[in-house]
Every structure is written in structure tokens, then in C-alpha cells.
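These are my notes from a session spent looking things up in one structure. I took a few loops, a helix, a core and a pocket in turn.

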Amino acid sequence: MSLKVIIIGAGEVGYHIARRLSAEAKDVVIIDRDPKALKRIIESIDVQIIEGSGSVPGILQSAGIDEADVLLAVTDSDEINIIACTFASALAPDIVKLARIRNDEYVNVGEHSVKTLLNIDKTINPDVEVVKAIEQAVTVPQASEIIDFSGGRVKLVGYRIGESSVVGRKLIHLPELMQGLSVIIAAIVRGEKLIIPSGEDVIEQDDLVYFVCMEDRVHDIMASLGSKAEPVKSLLIIGGGDIGFRLAQRLERSYHVRLVENDADRCQWLAQSLNRAIVLHGDGRDQDLLQEENVKDMDMVVSLTGDEETNILTSLLAKSLGAKRAVTRINKFAYFPLVRAIGIENIVSPRQSAVNSILQYMRKGMVISAASIRGDEAEALEAIVPEHSDLVGKAIKDLKLPKGALILTIQRAGEIVFPSGDAVIEPGDRIVILSTRKTISRIEKRLEVKLESV
């Protein structure tokens, strides 16, 4: 039976999730008050639309709330999202409810939280997730992307190959170059093409390579792949909104942080609220300002204003003036390939962070976490293998996984292994599996319990 999802909010997050689920033949209903947003949906995605407010019980009933598996409330209003989940609990007590909530005052109410008070399964604050992603980028500045699995013990890292001894070598020969380090090359992005590689594939210069390793081996593997990046000591943050403030607050104790904000009143508030970070009033696109602040000596410039064009221009300007690395906030998914084409590699997106937080709830089987790779070209799933899955009792080489799927790690009794083809899957194994978009539905089915065994 197909998963039925009701999405309240036809913005970027709602649209992207709907497009993704529709391509997987899932049953999707989108509710929004804006006819223009719904027109965009209906012109490009095969889903049902309802014009109205998702916080109205009658609208939820007309969307089929009593038959739905998941309610996803992702409007720009915390209040509407909370009210929608409240009515959903009354109308369909067993439905899984996810709500985007940005205001911290809603998240913690005394000793309780909105999650427990209103029985919401998952609250999503994209700003918090973006700050976490930037912290990862500061810790491993040479990486273009870092995704955590197994509680952070396992990392999936994207790294752009420069001049390196691995160039021109087949993956099957990598172990001898890695000096015994345990690593799996999960994917290679060459141009706009994503490759789930075999041992016969060759690494080329400028490839974006995704590798999986233990947390404490990331820097060693980076060095083996040719990285010479120095650790980050100083940062310039452009934009003192919620994300910029949260980031400065998190980093000011350990790094030299300067924060540039264009609004004078906001600058005054930031200066009073931060302890060590230096707050500057000005425009991040001002070349004179950047030069006065010695941007050429900055290890990282992070552009986090609410305007994408400003972020793009600031990052390009900072790099042209000598900044070692730039991280750029992008909201629109359509911009991702464009900004990468002009040389902006390190992208953070509140909306992409929200999608990754949501994905695991859109998957059948015992999925713990999920994350998109390169937009939505591939997905990495972390899941527990149920006792009656048809994966159990078979060696990986005999699983007949679809082309474009690869098991990256197995966690069993707390121990994490990078499996060979002879490794046998056991009930309760916690596996990380990478799958292309085309094969994700087939992987979901493999992670479910066989009906005849129930």
C-alpha cells in the first residue's frame, strides 16, 4: 500500500518533498492558501491540491486526514503549523506529524516542549540544522559536504579531488595508497553525472568524491586524498539574522569571529547579545569594507543574509580578494547547480536541511535517518534491518541490490564495520545504504518485513 502524505505549505520545502514523493508514486496532497503556489505545483507535479488553510479541520478532512500516514506542516507560520498538528491529532490520532517551528519559545515551554505537549513526532528548525552544517564545515574546511550517521561516529564526506596521487588510480587499488585506513568511496560526481562506483572505476582530477569513514579518520583520509587545508582560526560572517547570530554565538569561544550586519539597530542588539565576536555595521558586498577587515587573511567567509544574490556576490568577491574559503547560504534548490558552476562549492541551505530532517519519515521500514546527496540525485539511508527482511541471512554479494545501490557500513552490537562482499546481514543490523533516486523505492521494499512472514 502506497504511503499517503498530506503537506501543508507549498513553498520550497513542500514543493521539493512533493516532487520527490510523486516521482516515487506516493500519494500526496498539498494544502495552501496561495493559488499561485498551487498553480506551480499542479503544472509540474502529479499530486492532489487543495486551496485553503491547513489549520482548518474541514480542510484536513477533505484532504483525507483519516487515511493519511504522515502530516507535514511546513508553512512559514509556526502558529499555523502547530494548530494543524493539533487538529490532526484529534482527527487521526495515529498519524505521524512533522512541523517546521523556528521560534525557540515554542520549542521549550518550561519543563515541557511543544513536541510532548502537542504530540508532534518531529519539530524542524532549519536554521539550527544549517548552523550544525556550518560548524561541520569549520571543523573540516576542505570538505564540500559532511553527513553524520551512527550518532556521528560515521561520516559521509564530499571532497573535491585536486592534484593527488589517487588521480588515475582504480578504486580497487586505493587501500594501498590509504596506508591501511578504512574507507569506502560511496559516490563520484563528475561534472553533473553521479556515479555509484565499482572497484574498476578510476578517480579523475576535479571529481567530487564522497567517502565514508570513522569520525576520527576524516583528516587522515583527506590528507591521503591530497588535501593540504589549514585549520580554520578566523571567520567573517556576513548577515546577522537568526542563522548568523546562532553561528557567531556557537563559534565565538573557539574562533576569531567578525560579523557584518547592514541594519544599525540589529547591529546594536548583536553587539549586546554576543560576548567575544566583533560586530561591524556595513554591507558585505562593499569591497572597501572587506579589504579594511583584511578579508584576504580570513580562513573562511560565511555569507548568510536572507538574499541569495547578495550571498553569491559576497562569496565571489571575498574569494577574489583572497579569502581561503567561502560558505554560501542558498534557499532555492534550482540555484544549486548554477552556483556550483561559477565556483561556489560550499553551499548551505535551510530548506535542504529541512528536507533531510523530513526524509526519514517518508520512508517505509525502520529508517533512522536519511540525507540527500547532490540535491536529490541520490539518498543515503540509515536503517535497522528487520528480522523478516529478505536481506537477512545473505552475503552482500548475493543480495542482488539494484544498480545504483551500495551498502556502506554495518553496525552490529555497537561495532561498526565497512563490509566486504562476503559480509552477511543479520537481523537488527544497523546499515547505511546509498541509493540513486531511481532505485530508492526498491531499496525501501527490501528494508520492509516480508508480508508472508508476518
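Entry 1, a loop residue. I looked up alanine 413 and found it in the loop between strand S22 (405-412) and strand S23 (415-417). I noted before going further that the model is predicted. Alanine 413 is not a glycine, yet its phi is positive, about 55°. I wrote that down because most residues other than glycine have a negative phi. Is alanine 413 buried or exposed? Its relative accessibility is 86%, so I entered it as exposed.

Entry 2, another positive phi. Serine 150 also is not a glycine and has a positive phi, of about 50°. I placed it in the loop between S9 and strand S10 (154-160). For serine 150 the relative accessibility is 6%; buried means under 20%, so serine 150 is buried.

Entry 3, helix H1. I went next to helix H1, which covers residues 12-23. I checked its length. At 1.5 Å a residue its twelve residues should span 16 Å, and I found the end C-alpha atoms 17 Å apart, which agrees. Then I asked how many residues of H1 are buried. Ten of the twelve are, so H1 is largely enclosed by the rest of the structure. My list of the buried ones reads Glu12, Val13, Gly14, Tyr15, His16, Ile17, Ala18, Arg20, Leu21 and Ser22. After H1 comes alanine 25, and its phi is positive too, near 65°.

Entry 4, the nonpolar core. The largest nonpolar core has 51 residues. Which of them touch the most other members? I noted Ile7, Ile17, Ile30, Leu72, Ile358, Leu381 and Ile425. The largest share of this core, five residues, comes from H1. For background I added that in soluble globular proteins nonpolar side chains tend to be buried together. I then followed isoleucine 17. Setting aside neighbours within four places in sequence, isoleucine 17 is in contact with Ile7, Leu72, Val355 and Ile358.

Entry 5, alanine 370. I found alanine 370 in strand S20. Its relative accessibility is 7%, so it counts as buried. Beyond its neighbours within four places in sequence, its contacts are Asn356, Leu359, Gln360, Glu379, Ala380 and Leu381. I also took one distance: the C-alpha atoms of alanine 370 and valine 355 are separated by 9.4 Å, with their positions 15 residues apart along the chain.

Entry 6, the largest pocket. I looked up how much space the largest pocket holds and got about 1,000 Å³. It is lined by 36 residues, and Ala133, Ile146, Ile147, Ser353 and Asn356 lie nearest its centre. Elements that give two or more residues to this lining include strand S9 (145-149), helix H15 (350-359) and strand S20 (366-373). Which element gives the most? I entered H7, with six residues. By type, the lining divides into 16 nonpolar, twelve polar and eight charged residues.

Entry 7, asparagine 125. This residue sits in the loop between strand S8 (122-124) and H7. With a relative accessibility of 10%, asparagine 125 counts as buried. Not counting residues up to four places away in sequence, it touches Ile101, Arg102, Asp104 and Arg246. Its C-alpha atom is 5.1 Å from that of arginine 102, although the two are 23 residues apart along the chain.

Entry 8, asparagine 262. I found asparagine 262 in the loop between strand S15 (256-261) and helix H11 (264-273). Its relative accessible area is 51%; exposed means over 50%, so asparagine 262 is exposed. Apart from residues up to four places away in sequence, it touches His281, Gly282 and Asp283. Its C-alpha atom and that of threonine 305, 43 residues apart along the chain, are separated by 9.6 Å.

Entry 9, leucine 289. My last lookup was leucine 289, in helix H12 (residues 287-292). It counts as buried, at 12% relative accessibility. Leaving aside neighbours within four places in sequence, leucine 289 is in contact with Val260, Gly282 and Asp283. I closed with a long distance: leucine 289 and arginine 437 are 44 Å apart in space, C-alpha to C-alpha, and 148 residues apart in sequence.

Terms used:
Residues numbered from 1 in each chain as written. Predicted model: local features only at pLDDT ≥ 70, side-chain atom pairs only at ≥ 80, totals over all residues. Heavy atoms only, no water. Core = buried A, V, L, I, M, F, W, Y, C linked by side-chain atoms within 4.5 Å. Buried < 20%, exposed > 50% of the residue type's maximum accessible area, 1.4 Å probe, protein only. Helix = DSSP H or I, 4+ residues; strand = E, 2+ residues; numbered from the N terminus. Contact = heavy atoms within 4.5 Å. Expected span 1.5 Å × (residues − 1). 1 Å grid on protein atoms, 1.4 Å probe; cavity = no way out; pocket = protein on both sides within 12 Å on 5 of 7 lines; lining within 4 Å. Points joined across faces, edges and corners; volume = space filled by probe spheres on them. Nonpolar A, V, L, I, M, F, W, Y, C, P; charged D, E, K, R; others polar.
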